[in-house]
Amino acid sequence: MAIGLHDSSFKNPVVRWVDQRLPVFTMIQKEYGTFPTPRNFNYFWNFGALAMINLMIMIATGVFLAMHYTAHVDHAFESVERIMRDVHFGWLIRYAHMNGAHLFFAVVFIHIWRGMYYGSYKAPRELLWILGVIIFLLMMATAFMGYVLPWGQMSFWGATVITNLFSAIPLIGPEIVTYLWGGFSVDNPTLNRFFSLHFLLPFVITGVVFLHVAALHITGSNNPLGIEPKGPQDTLPFHPYYTAKDSVGIVVYLAVFAFLIFFMPNYLGHADNYIPANPLVTPAHIVPEWYFLPFYAILRAVPDKLGGVILMFGAIAVLFVLPWLDTSKVRSMRFRPIARIAFLLWTVNFMVLTWVGAKPAEGHYVLIAQIGTMIYFAYFLVVLPALGRLERPLPLPESIARAVLGPKAQLGGGPVPGAATAQPMEKA
Amino acid sequence: MAQTSAPSGATTHSPAGAPAEAVTKRDFLKLTTTAFAVVGVGALAWPFISSLAPGGDVLALASTDVDLAPIAEGSAVTVMWRGKPVFVRHRTAAEIEAARAEPLSGLKDPAADDSRVQQAPWLVVVGICTHLGCVPLGQRPTDARGDFGGWFCPCHGSHYDTSGRIRRGPAPTNLEVPSYTFTSDTAIRIG
Ligand code: HEM
Ligand code: FES
């Protein structure tokens, strides 16, 4: 092998020629072919792949929408209507983008929930988790700005309310808001910069996703038992085992996606956004998209402008320090009888917050939102730190293979994590 | 068992004629999966590519009405049709005569003048040079009209005659005649 060339194991001369100079094929083979993956994944482990597919769908549909969309207050609404009526398959591309955003959040919520239930955020995967929270924040910013683009009533008033959150910042708040708007209200300059950023951020997300996956491939995946693979008997090569399992999930996901697009494309949206923006009239009931509702409920639970904003951002910020708030060494909730119940209650509470976020902020709804906010934070700030010390976890299985296969555990198996890449033929 | 359903091309035969590698069920599955994937990708790509074509609103704007009454003999107007200039010229008797006198054999893209007009005085052509798309000069009385009295494209020097036919220069074909109809004696609809 010549000095300076990568030692490629590929036989096809063209593939080999490229691989020696730029070992992308070796990399794909290592990271998605032989990559040693715990043998006991359940379907919750599909959601990372689904999120990836979803991101690609958003970018593909978005780029095509952007070819027909006009970012100007006088034309934006009409250009979206033109997409719906005149552009061939424009309705399909737009509905795919719109419902894709809803599904993206659903997928990512489940993905995050999975991480919380199985303790995937714990050492050594803290940075992997933090990168995930960054992706989530970027997604929220992207979706918010995307929602402004069609320039309907909800676009306009959503933009007004959310940008005004920043006016709660003491002293410089109002200045900041003026800079966000590029004027003295949400107007054409705001729409233009939101379009620019809405176009840009998904590519930033793609970059962070890349880091997220790179970090994953250093530590390896967690699994439903939350114990590390100890040898080849605990793992399987990613391909064909998990490519196949992910494909099953993708088919189900696409079926749900198709159902939404073709049978209820506007179900998850607000009818008011088909009314052109009118800066003089606020809709009677303004509600954000469902995926923002839990955080919106927290915002409204606090009878103080600055306090509400702080708690709302705090609800996400707390996720960054979750790896250190949870003091238990045991990852999977399967072996944490008390924490498991606490987390399931937290999950129900999250749904309650979603529900109450869509209700008017008055009467007993406010009280429910306040209790929900307290439960939300108590789990992170009180329950998890305390349970790490107080709770007695169940005994952990000796190995993944033992737990999955029982006494037959010595038979078969896949590659050892961290070992040098095995020859692909060994696993075929 | 899957051997029967797999295309025979998938079998590799040794020189002796005996199958070197039997067609396996896996080969069949791979082929059908690949075929489905190809069809699926095609079906996915279809709406995206289709969205690039002119939309309904663009097609709806695809005809233009022109009132001929104000166009004096010897002069011309330029109208927009599908985003392109269309030249409508009210030809003089001398110009018609010049166009009709020319033998077809002397033309680069032979076409008789009467095949290019519906009524002799009215020449209607798309005002886009068939070379590389510039708009030729010759609509205004002060414009250069080239050596044949029609139009002259300044970009690379194409000369068109009073029938809009290419006579000299790099353009390969005559100026295109759009489809149009006379909606009355003094009005046409292009498109
Ligand atoms: C992370 C990925 C993305 C998310 C979560 C997202 C989200 C959204 C949302 C919620 C809307 C409003 C839909 C509606 O009510 O009509 C929207 C609209 C839009 N997005 Fe995106 N988007 C993403 C990526 C992109 C990309 C990459 C582009 C362009 C390259 C793009 C271009 C557009 C355009 C032009 C609109 C306005 C047309 C419309 O309203 O349908 N998006 N986006
Ligand atoms: S474009 Fe008219 S001569 Fe080249």
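**Figure 1. Polar contacts of His198(A), His97(A) and Arg94(A) with ligand 1 in the predicted model.** An N or O atom in the side chain of His198(A) lies 2.7 Å from a nitrogen atom of ligand 1. His97(A) places a polar side-chain atom 2.8 Å from a nitrogen atom of ligand 1, and a polar side-chain atom of Arg94(A) is 2.8 Å from an oxygen atom of the ligand. A polar contact is a pair of N or O atoms within 3.5 Å; within protein, one must be able to donate a hydrogen and the other to accept it, and residues adjacent in sequence count only if both atoms are side-chain atoms.

In this predicted model, local features need pLDDT of at least 70 and side-chain atom pairs pLDDT 80 or more, whereas totals for chains, interfaces and linings use all residues. Residues are numbered from 1 along each chain as its sequence is written, chains are lettered from A and ligands numbered from 1 in the order in which they are written, and side-chain values use heavy atoms, with hydrogens and water left out.

**Figure 2. The shell around ligand 1.** Ligand 1 is surrounded by 25 residues, each with a heavy atom within 4 Å of it; Gly62(A) and Phe199(A) are among the closest. The shell comprises 19 nonpolar residues, five polar and one charged (nonpolar: Ala, Val, Leu, Ile, Met, Phe, Trp, Tyr, Cys and Pro; charged: Asp, Glu, Lys and Arg; polar: the others, Gly among them). Helix α3(A) gives the most, seven residues. Helices (H or I, at least four residues) and strands (E, at least two) are DSSP runs, numbered from the N terminus.

**Figure 3. The three-stranded sheet of chain B.** This open sheet has the order β4-β5-β6, with antiparallel pairing; two strands pair if DSSP finds at least two bridges between them. β4 (76–81) and β6 (122–126) of chain B are the edge strands, each with a single partner, so one side of each lacks a neighbour in the sheet. β4(B) pairs with β5 (residues 84–90) of chain B over six bridges, and Val79(B) has Val86(B) in β5(B) as its bridge partner.

**Figure 4. Backbone features of chain A.** Cis peptide bonds, each with omega about 5°, join Ala123(A) to Pro124(A) and His239(A) to Pro240(A). Pro124(A) is placed in the loop between α5 and α6, whereas Pro240(A) belongs to helix α10 (residues 238–263). Phe89(A), in the loop between α4 (76–85) and α5, has a positive phi near 60°, although the residue is not glycine.
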